[in-house]
Amino acid sequence: KKAPAHKRISSKQLHKRISEEYAYIASEQTRGYFQSVRYTLRKDSCYEITHTTYYTSLILCMLSNQKEHPIVLDIARNGIAFLHNELKEQSLCNYHARFSKHHERFPADLDDTCLALAALFLYGPRDGVERMLCDVVHMLIQNETTPGGPYFTWVVPKELRNQWPNIDIAVNAHIAYFLSLHDIHLTQLTAWIDDHIEDANLTSEFYLSPITLLYCITRAYKGKRNAQILKLLKKYQSRIHNPLLRALYITAHLRAGGNPRYVQTHVRQLLAVPKTKLRKPYPFFIEEKTNSATYISGCHAFTSAAFVEALSEYETHSRKRTAEHTTEKYRSRIMQKTCEIIPRHLQGKLLPVVHALVEHDTRNEIILVPYYFHHTLMVNRTGRIPSVFVENLTCANILGWVGYTLLDDVYDDERSFTHVPSIHYAVTQTRVLLLESAFTEHARNYIHRTLAD
């Protein structure tokens with residue numbers, strides 16, 4: 001029987017499939033790297049096995065949110081050892097692995113370099129981070145089209161730039177991703193990416209689908225075009241024709257701030273794909289163009305990693321959205337209760353202060369600390385602290401802050417003595433609410449001593 005579209009997908013179901021794919025990804029790893037294939041789109045095309053650094057770096061980055069998982073730790077340990085051996089002077093990295101027969105076919109590039117360094121930073125020791133950053137800064141300066149980006153793809157001497165002139169939006173998105181791990185955000189580079197999004201100019205010499213480009217962009221996007229990204233993703237839904245693109249679509253949508261319920265159907269469709277059909281090297285990018293053919297690259301393990309990443313992002317954002325909805329209802333209830341507690345003749349003085357405090361409490365430290373505490377403490381095995389006590393503590397916290405704020409105003413301006421009745425009420429009511437929430441005589445005595453007249 002088909003599940004209703006509105007019914008939430010269980011975490012148990014998601015975790016089971018994620019664990020199965022972790023095991024599969026680990027089984028695909030050989031000497032630290034992941035074997036990939038290249039092929040043409042002709043019907044008579046055969047797979048040619050390739051050995052690259054790219055997929056190892058990208059897969060490690062995709063699994064980094066789950067790096068405490070024992071299987072992921074094993075994958076990462078082997079992958080990091082492989083990537084360390086692949087780094088050249090100045091922390092550069094090639095697309096093809098050193099032992100590949102194609103190793104010298106292309107020069108080093110910023111796409112593979114930044115992804116490899118990102119993976120090394122996420123999992124490796126922090127000893128060489130400063131040297132790594134120095135190397136990257138030097139590389140970026142040498143390969144920038146304008147100060148602050150965008151950047152050329154290929155790392156070549158200036159005299160060879162005419163032969164390797166490519167500037168790619170996905171490559172620059174991966175550069176932005178690496179820099180974001182160090183809390184570096186380039187305004188010029190973000191503006192350049194924003195312009196491409198605004199103009200819907202999502203084309204690449206390498207990457208095949210605009211969905212792929214949006215996936216790359218949202219990995220570390222700090223611009224102001226998230227709404228436009230969501231519109232573009234909706235527009236490109238009709239281009240989803242394999243499980244890899246569906247997984248990338250889900251992840252990009254959620255990273256851009258989309259509602260998890262909107263992609264729930266896509267998640268169900270992804271879960272319904274048989275494993276034998278899922279674990280295939282679907283087309284991801286163009287590896288090489290020759291006079292006779294265009295070679296597409298794909299990787300079995302990468303498709304599986306994209307699947308895992310999409311399910312993990314969906315579960316994380318679903319939980320976050322549910323928590324936000326629950327806490328928003330709680331906030332509304334607390335604000336209503338606080339307003340009801342305050343006598344009518346003092347509401348003109350106190351309510352503006354209450355609303356101002358809550359509005360400026362962006363981290364919800366005043367209004368939600370008792371709520372979070374409520375959800376972490378168990379009084380006994382049969383239940384939590386009664387909610388009325390928690391609500392009283394929250395109202396007491398708000399009124400206590402109101403009293404303190406008004407008292408501070410009095411100290412700053414002696415003409416504010418008109419606040420004194422409001423201060424007295426706020427502090428007195430705080431003590432009353434705290435006493436109502438006290439479980440023991442010791443607690444009540446402490447409240448009396450602390451808030452004594």
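A residue is called buried when its relative accessible area is under 20%. The exercises below apply this cut-off and others to a predicted model.

**Exercise 1. Describe the chain as a whole: its burial, extent, surface and contacts.**

Solution.
- Step 1. With the cut-off above, 51% of the 453 residues of the chain count as buried.
- Step 2. The chain contains 18 helices and 5 strands.
- Step 3. Along the principal axes, the C-alpha atoms fill a box of roughly 90 × 55 × 40 Å.
- Step 4. About 23300 Å² of the chain is exposed, and carbon and sulfur atoms supply 54% of that area.
- Step 5. Among contacts with a separation of 6 or more, 69% are between residues 24 or more positions apart.

**Exercise 2. Determine how helices H1 and H3 are oriented to each other, and classify the residues in their contact.**

Solution.
- Step 1. Helix H1 spans residues 11-28 and helix H3 spans residues 70-86; their axes come within 9 Å and cross at roughly 20 degrees.
- Step 2. Angles under 35 degrees count as roughly parallel, and H1 is therefore roughly parallel to H3.
- Step 3. The crossing of H1 and H3 is left-handed.
- Step 4. H1 contributes Tyr 22, Ala 23, Ile 25 and Ala 26 to the contact, while H3 contributes Ile 71, Val 72 and Ile 75.
- Step 5. Sorting the residues of this contact gives 7 nonpolar, no polar and no charged.

**Exercise 3. Carry out the corresponding analysis for helices H9 and H10.**

Solution.
- Step 1. The axes of H9 (residues 226-235) and H10 (residues 243-255) come within 9 Å, with a crossing angle of roughly 155 degrees.
- Step 2. Angles over 145 degrees count as roughly antiparallel; H9 and H10 are therefore roughly antiparallel to each other.
- Step 3. The crossing of H9 and H10 is left-handed.
- Step 4. On H9 the contact involves Leu 230, Leu 233 and Lys 234, and on H10 it involves Tyr 249, Ala 252 and His 253.
- Step 5. The residues of the contact of H9 with H10 comprise 4 nonpolar, 1 polar and 1 charged.

**Exercise 4. Establish how far helix H2 is enclosed, and place Ser 57 and Ser 64 relative to H2.**

Solution.
- Step 1. The buried residues in H2 are Tyr 54, Tyr 55, Thr 56, Ser 57, Leu 58, Ile 59, Leu 60, Cys 61 and Met 62.
- Step 2. Because 9 of the 9 residues of H2 are buried, H2 is largely enclosed by the rest of the structure.
- Step 3. Ser 57 lies in H2, and its relative accessibility of 1% makes it count as buried.
- Step 4. With residues up to four places away in sequence not counted, Ser 57 touches Leu 83, Leu 115, Ala 116 and Ala 119.
- Step 5. Ser 64, by contrast, is located in the loop between H2 (54-62) and H3.
- Step 6. The relative accessibility of Ser 64 is 13%, so Ser 64 counts as buried.
- Step 7. Under the exclusion of residues up to four places away in sequence, Ser 64 touches Leu 122 and Tyr 123.

**Exercise 5. Is Asn 392 buried or exposed, and with which residues is it in contact?**

Solution.
- Step 1. Asn 392 belongs to helix H16, residues 387-412.
- Step 2. A relative accessibility of 7% is under the 20% cut-off, so Asn 392 counts as buried.
- Step 3. Apart from neighbours within four places in sequence, Asn 392 is in contact with Lys 337, Leu 433, Glu 436 and Ser 437.
- Step 4. From Glu 130, Asn 392 is 262 residues away in sequence and 50 Å away in space, C-alpha to C-alpha.

How values were computed
Residues numbered from 1 in each chain as written. Predicted model: local features only at pLDDT ≥ 70, side-chain atom pairs only at ≥ 80, totals over all residues. Heavy atoms only, no water. Axes fitted to C-alpha atoms, helices over the stretch in contact; angles between N-to-C directions. Helix = DSSP H or I, 4+ residues; strand = E, 2+ residues; numbered from the N terminus. Parallel < 35°, antiparallel > 145°, perpendicular 65-115°, else oblique. Left-handed = near helix turned anticlockwise from the far one by under 90°. Contact = heavy atoms within 4.5 Å. Nonpolar A, V, L, I, M, F, W, Y, C, P; charged D, E, K, R; others polar. Buried < 20%, exposed > 50% of the residue type's maximum accessible area, 1.4 Å probe, protein only. Areas by Shrake-Rupley, 256 points an atom, 1.4 Å probe, with all protein chains shown as cover.
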